[in-house]
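Hi,

Here is the structure I promised to pass on. Have a look at it first, and my notes follow underneath.

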Amino acid sequence: MDFVGRRKIWYAISLVIIIPGLIALMLHGLNLGIDFTGGTIINLKFNQPVTTTEVSEVLKSFDLGENVPIQVANDNTVLIRTKALEQEQTDQIVRAFQAKYGQVTVLRVEKVGPVVGKELTMKAIYSVLVASVLMLIYITFRFEFKFGVAAVIALLHDVLVVLGVFALLRIEVDSSFIAALLTILGYSINDTIVIFDRIRENRKIMPKASVEDLVNRSITQTLTRSINTVLTVVFTLVALLLFGGETTKIFVLAMLIGVISGCYSSICNASPLWVDFNLLSKRKKRMVATATR
């Protein structure tokens, strides 16, 4: 298949997905959860097993908004994270649970400030920058600088796709979203490295081949492996999304979007970008040679 010949189409598809997300990010930003905006954490212990659905039903009467994060542990303890509540509101919630389930022990009621969220955000940005620079250095050392630049652009593409989808759909994000973004960076680069490795091997085998033919053959040779690997991960993530519960949903959804985007960018963006960098480099050399004659 002529992946390189259709690279403008792949670039256009990426832009069509990323640009609306960037506009939504600039206009509305992300729908931040209490990890970023601050809120109240209520930790309760029940005398009997309860489910997330049962806890959610009790909370519905308190106007706490949709998708209140609820974590139920095996020892009958429940962790509820809500928007910032006054003491009286917290007491009313506890009394509602006691009225329905009898004795309920309050283990912890804690207000979380937005400062924690700002620290998380800054650390996430620093982590992405440090990871990108380290990957650029590593790939430049192992391959060449143009490979490194193409790989980092593909990684940033995946991050922007995930951020854009969450911003467009107004999905509430928590601290696990940052963990998902960093995991996507690590996962996405693996597939790109495999294709780059094959390009390097084929360049030795076919020294006279054009860069377009070299990349097309390399992507074709690794295509089945890339798709099969991603599909196994996607199947697992879909199962987790369906049966993993509310507390893991944001992480899993971000991973699912990022993994699919990572597969796309590895095949359709990273290597074609390397082709464009090479063609641009050759064009500049020809212009310099023509000018010096």
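Is R170 buried, partly exposed or exposed? With a relative accessible area of 36%, R170 is partly exposed. Before you read on, keep in mind that this is a predicted model. R170 caught my eye for its backbone too: its phi is near 55 degrees, a positive value in a residue other than glycine. You'll find R170 in the loop between α6 and β6 (172–173).

On to the helices around that spot. In general, two packed helices are described by the angle between their axes and the distance between the axes. For helix α6 (residues 145–169) and helix α7 (residues 175–205), the axes come within 9 Å and cross at roughly 145 degrees. The contact draws on quite a list of side chains, so here is just a part: from α6 it includes F147, L155, V159, V162 and F166, and from α7 it includes F177, L181, I184, I189, F196 and R203. As for handedness, α6 passes α7 in a right-handed crossing.

Now the charges. Side chains of opposite charge can pair when their charged atoms come close. The count here comes to nine salt bridges, and three of them are worth a look on screen.

- D197 and R142: their side chains meet in a salt bridge at 2.8 Å, N to O. D197 sits in helix α7 and R142 in helix α5, so this pair ties together parts that are 55 residues apart in sequence. D197 is buried, at 16% relative accessible area, whereas R142 is partly exposed at 29%.
- K146 and E144: these two also form a salt bridge, with the closest N and O atoms 3.8 Å apart. K146 is partly exposed, with a relative accessible area of 24%.
- E201 and R198: here the side chains meet at 3.5 Å, N to O. Both belong to helix α7, and because they are three residues apart there, about one helical turn separates them. E201 is partly exposed at 42% relative accessible area, and R198 counts as partly exposed too, at 27%. Turning back to R142 and D197, salt bridges that share partners join them with R200 into one network.

What about the other end of the chain? Which residues make up the nonpolar surface patch of about 660 Å²? They are L15, I19, L22, I23, M26, L27 and L160. Helix α1 (residues 7–28) gives the most to this patch, with six residues. M26 is a good one to click on: it lies in helix α1, and its relative accessibility of 67% is why it counts as exposed, the cut-off being over 50%.

One last residue, T140. It is found in helix α5 (residues 114–142), and at 29% relative accessibility it counts as partly exposed. How far apart are the C-alpha atoms of T140 and G21? The separation is 30 Å, for two residues that are 119 residues apart along the chain.

If you want a starting point in the viewer, I'd go to the crossing of α6 and α7, then to the salt bridge of D197 and R142, and then to the nonpolar patch with M26 in it.

Cheers

Note on methods: Residues numbered from 1 in each chain as written. Predicted model: local features only at pLDDT ≥ 70, side-chain atom pairs only at ≥ 80, totals over all residues. Heavy atoms only, no water. Patch = residues over 30% accessible without salt bridge, like charges linked within 9 Å, V, L, I, M, F, W, Y side chains within 5 Å. Areas by Shrake-Rupley, 256 points an atom, 1.4 Å probe, with all protein chains shown as cover. Salt bridge = Lys/Arg side-chain N within 4 Å of Asp/Glu carboxyl O. Helix = DSSP H or I, 4+ residues; strand = E, 2+ residues; numbered from the N terminus. Buried < 20%, exposed > 50% of the residue type's maximum accessible area, 1.4 Å probe, protein only. Axes fitted to C-alpha atoms, helices over the stretch in contact; angles between N-to-C directions. Left-handed = near helix turned anticlockwise from the far one by under 90°. Contact = heavy atoms within 4.5 Å.
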